[in-house]
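Please open the model in your viewer and keep the sequence panel visible. The tour below proceeds by selection, with a description of what is found at each stop.

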Amino acid sequence: MLRFIVQFLVTCLALWLAARIVPGVGFTDTPTLLLAAILLGVANAIVRPILTVLTFPLTIITFGLFLLVVNAATIGLVAVLLEGFMVDGLWAGIGAAIVTGIVSWIAGWFIGDEVKR
């Protein structure tokens, strides 16, 4: 349960930072941001693995860079489903995917294995 809460907070921080840094990404209010983080977690658990398997040949050909497009598509899906969370096009989605990936990587580096236990 603690791992879920920490992941939720990291996703919230990552989406907030992406909205501040990446042009074309935004949200209307805090409840929308919180709901976007929940929906992104669900989409990452259900939709992203399916897309990753389906696009595996493209991922191999592009040396893994196509995973940015998969992550951007997942973030774009959340934006389509949730009114008040905006992602304006593919490049904004890729920028948001980069920011969320970096924030998650840094958070995982700081947190380490303590939360996994």
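Begin by selecting aspartate 88, which counts as exposed at 63% relative accessibility; exposed means over 50% relative accessible area, buried under 20%, and partly exposed in between, with a 1.4 Å probe and protein chains only. Aspartate 88 lies in the loop between strand E2 (85-87) and H5. Helices (H or I, at least four residues) and strands (E, at least two) are DSSP runs, numbered from the N terminus. Add isoleucine 111 to the selection: the C-alpha atoms of aspartate 88 and isoleucine 111 are 32 Å apart in space, and the two residues are 23 apart in sequence.

Two remarks on the model apply throughout. This is a predicted model, in which local features need pLDDT of at least 70 and side-chain atom pairs count only at pLDDT 80 or more, while totals for chains, interfaces and linings use all residues. Residues are numbered from 1 along each chain as its sequence is written, and side-chain values use heavy atoms, with hydrogens and water left out.

**Helix H5 and its crossing with H4**

Next, select residues 90-111, which form helix H5, and locate alanine 107 within them. Is alanine 107 buried or exposed? Its relative accessibility is 15%, so alanine 107 counts as buried. Now add alanine 14, which is 93 residues from alanine 107 along the chain; their C-alpha atoms are separated by 9.9 Å.

Keep H5 and add helix H4 (residues 66-81): the two axes come within 8 Å and cross at roughly 105°. Axes here are lines fitted to C-alpha atoms, for helices over the stretch in contact, and angles run from 0 to 180 degrees between N-to-C directions. The angle therefore makes H4 roughly perpendicular to H5; the classes are roughly parallel under 35 degrees, roughly antiparallel over 145, roughly perpendicular from 65 to 115, and oblique for the rest. To display the contact (heavy atoms within 4.5 Å), select Leu68, Val69, Asn71, Ala72 and Ile75 of H4 together with Leu90, Gly93, Ile94, Ala96, Ala97, Ile98 and Thr100 of H5. Coloured by class, this contact shows 9 nonpolar, 3 polar and no charged residues. In this scheme Ala, Val, Leu, Ile, Met, Phe, Trp, Tyr, Cys and Pro count as nonpolar, Asp, Glu, Lys and Arg as charged, and the others, Gly among them, as polar.

**Helix H2 and its partners**

Move to helix H2 (residues 30-54) and select threonine 32 within it. Threonine 32 counts as buried, at 9% relative accessibility. Its side chain is joined to that of threonine 28 by a polar contact of 3.3 Å. A polar contact is a pair of N or O atoms within 3.5 Å; within protein, one must be able to donate a hydrogen and the other to accept it, and residues adjacent in sequence count only if both atoms are side-chain atoms. Beyond its neighbours within four places in sequence, threonine 32 is in contact with Phe27, Leu82, Glu83, Gly84 and Phe85.

Add helix H1 (residues 2-21), whose axis comes within 9 Å of that of H2 and crosses at roughly 120°. This crossing is right-handed; a crossing is right-handed if the near helix is turned clockwise from the far one by less than a right angle, and left-handed if anticlockwise. On the H1 side select Phe8, Thr11, Cys12, Leu15 and Trp16, which meet Leu33, Leu34, Ala36, Ala37, Ile38 and Leu40 in H2. The contact of H1 with H2 comprises 10 nonpolar, 1 polar and no charged residues.

Now replace H1 with H4: the axes of H2 and H4 come within 9 Å and cross at roughly 135°. At that angle, H2 is oblique to H4. H2 passes H4 in a right-handed crossing.

**From H2 towards H4 along the chain**

Select threonine 55, in the loop between H2 and H3. Threonine 55 is buried, with a relative accessible area of 15%, and, leaving aside its neighbours within four places in sequence, is in contact with Phe66 and Val70.

Continue to threonine 59 in helix H3, which counts as buried at 10% relative accessibility. Not counting residues up to four places away in sequence, threonine 59 touches Gly64, Phe66 and Leu67.

Finish at phenylalanine 63, in the loop between helix H3 (56-61) and H4. Phenylalanine 63 is exposed, with a relative accessible area of 79%. Although not a glycine, phenylalanine 63 has a positive phi of about 55°.
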